[in-house]
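Here's a quick briefing to read with the model open next to you. Take a look at the structure, then work through the points by topic.

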Amino acid sequence: MTNENIFLGSGASITFIPESDIYFPTSTGAGTVTTITAHSDFSSVFDLVIDLYAGCIIERYNSSNAYQSKSRITSNTATTITFSPSQTIASGDYFLIREYGAPVPAPTSTAKRLLSDQWLGLLESATFPNTEVEMKQMNLSLGGSRNYTYQYKGIETATGGSLGLVANHAAFLYYFFGKCTSITASLDAEAVTNAFTTGTSGAILVDSGGATGDDTTFTTTIDEGPIFFRTVGTTICPPISPSHEATLTNIEKLDAPTGTTSISKAITYTFAEQDSDLLPSFALEQVFSKLPSSNTYRTNNADADEDTNFVKIARGNRVNSLTLTANENEEIKMTLDLNTRAVHNLQKTEQYDARRGVTDETSFFNYNSTDEFREPIFFSSGYFKVFGQQFLKINSLTLTMSNNLQDRRFIGVGNKSIKEGIPAQRTYELRFTGHVTDDKLYNELLNQVENDNTGQYLELQFEKPNGENFNLKFTDYYVSANNFPMADDKGPIVVEATIMPRTLQSCTVKTHWVLQG
């Protein structure tokens, strides 16, 4: 606080870090252990941020890639992981850090790095998760003063994270629904023979499901991810686990989308509802930088307090609710309210490059130089269907979807700041306003028969002029409310209606955006 320079908003940024399963081969010999050391294949490329992975689940696999057992990580150093309970490992065993709360590391420079050079898109507003610390004050059986005789700090809770996006793609729907059941895209051949490196710098890799060769359109099933892998230089991030792809022969390179007036080689995702507790998550990195001329986003570990780059990492962000808003004369907007597992503060002894050391935002991953890929989706380029017919005179609509995540804490984590967001009741609600042409909506309010999957889906589709689009279909729905107010100005009659669907029928997203998991 004694430094004469202050942090300004010009040096503040929030970036995206994918969370994914992390392959962790070990050099620790056979035996019963609670700490394992990374194999040189891993440690020669990556250094883990200290204690960043505390609370994550780590699984053990044998040399035949069969699952053996799991434990919970209690701490980690740059090259070791400590967990509980102990595991009895055999020769050839390896480990997998599961994705929830596990930001993907990036190759180490002279400082530690995460894969945090990822663009969030057209971010209109953001609230980085806040850390709330419970204060405990109590009186002991001691006299002499009317003041409290003892106080201490209780649990720490990360709360309040949100992202307000102007939608230039809809791939973030994946983080609400929870499953990517298929991908259709175009391939270029890539000979991947190593879990950690490949010959092509800056490649995007994917399990092709057996499709090979150049200019091949493929469809593959991914489900919970990893979805795409990314290379930094020639290093694969995250490294490819044998439990996901034992032979590496199915790993090929994405032939990236191109085009201006019309998208070519688009990525088409199909998302579905996740009914287990395996909702995908991601991390956010916040940095306040004084923008020094050299090592612009590198922390300074020479002073007692960080005076150059103040970095926080919010990990294990699951989407608690997602609100899709389409108002006349506006862009489509998405608001994501987040449930955050923990906010991590770097240790003073470690040097870290925020934004993976990338100073130029136009070099961020998923930032595209093609204007048409960056431009938003507009309200006017879409349609709304319900009761088997397309409604032509809709002024605005708001779709609110909630996972109703519940905070839970578990014995054995060894850290009072770590919680988990467990999904509970999933709900959908669609509200819209439009001009009245008949009394169909009023009749449906009185209808006692649920609209089911006989083809009369509640359907939303929005698209961009270049062909990128997303489509949502719901079934099993009722009209739960509507209102037909008198028009004071003698203008058109406007109806305000609410529809409550129970089930997602399908969700497809055609886009340029690359999801890692």
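Let's begin with Phe 288, which is partly exposed at a relative accessible area of 27%. Keep in mind throughout that this is a predicted model. From that ring we go on to other aromatic pairs, then to charges over a ring, a strand with its partners, the cavities, and a tyrosine with its contacts.

**Phe 288 and its partner**

- Phe 310 is partly exposed too, with a relative accessible area of 34%, so the value falls between the 20% and 50% cut-offs.
- The rings of Phe 288 and Phe 310 make a tilted aromatic pair, with 6.0 Å from centre to centre and 40 degrees between the planes.
- That pair ties together distant parts of the chain: Phe 288 belongs to strand S19 (residues 282–289) and Phe 310 to strand S20 (residues 309–327), with the two 22 residues apart.

**Other aromatic pairs**

- How many aromatic pairs does a search of the whole structure find? The search comes up with 28.
- One of them is edge-to-face: Phe 42 and Phe 196 sit 6.4 Å apart, centre to centre, with 85 degrees between their planes.
- This pair also links distant parts of the chain, as Phe 42 is in helix H1 (residues 40–43), while Phe 196 is in the loop between strand S12 (178–188) and strand S13 (204–207), 154 residues apart.
- Are these two rings buried or exposed? Phe 42 counts as buried because its relative accessibility is 0%, and Phe 196 counts as buried because its own is 6%.
- Ring pairs also knit a cluster out of Phe 16, Trp 119, Phe 172, Tyr 174, Tyr 175, Phe 228, Tyr 269, Phe 271, Phe 282, Tyr 367 and Trp 513.

**Charges over Tyr 100**

- Arg 318 has its charged end over the ring of Tyr 100, 3.7 Å from the ring's centre.
- Arg 341 lies over the face of Tyr 100 as well, at 4.5 Å from the ring centre.

**Strand S7 and its partners**

- Which way do the side chains of strand S7 (residues 94–97) point? Tyr 94 and Leu 96 point one way, Phe 95 and Ile 97 the other way, and all are buried.
- Strand S2 (residues 22–25) runs antiparallel to S7, and four bridges join the two.
- Strand S4 (residues 57–61) pairs with S7 in the antiparallel sense, again over four bridges.
- Leu 96 is a handy residue to click on: Tyr 23 has Leu 96 as its bridge partner in S7, and Glu 59 stands opposite Leu 96.

**Cavities**

- Three cavities of 30 Å³ or more turn up in the structure.
- The largest cavity has a volume of about 50 Å³.
- What lines the largest cavity? Its lining is made up of Phe 16, Gln 118, Trp 119, Phe 172, Tyr 175, Asn 366, Trp 513, Val 514, Leu 515 and Gln 516.
- Several of those names also appear in the ring cluster, including Phe 16, Trp 119, Phe 172, Tyr 175 and Trp 513.

**Tyr 150**

- Tyr 150 lies in strand S10 (residues 150–159).
- With a relative accessible area of 41%, Tyr 150 is partly exposed.
- Setting aside neighbours within four places in sequence, Tyr 150 is in contact with Lys 136, Gln 137, Met 138 and Leu 140.
- How far apart in space are Tyr 150 and Asn 466? They are 65 Å apart, C-alpha to C-alpha, and 316 residues apart in sequence.

Technical notes. Residues numbered from 1 in each chain as written. Predicted model: local features only at pLDDT ≥ 70, side-chain atom pairs only at ≥ 80, totals over all residues. Heavy atoms only, no water. Buried < 20%, exposed > 50% of the residue type's maximum accessible area, 1.4 Å probe, protein only. Contact = heavy atoms within 4.5 Å. Phe/Tyr/Trp six-rings, centres within 6.5 Å; stacked < 30°, edge-to-face > 60°. Lys NZ or Arg CZ within 6 Å of the ring centre and 35° of its normal. Pairing = 2+ DSSP bridges. 1 Å grid on protein atoms, 1.4 Å probe; cavity = no way out; pocket = protein on both sides within 12 Å on 5 of 7 lines; lining within 4 Å. Points joined across faces, edges and corners; volume = space filled by probe spheres on them.
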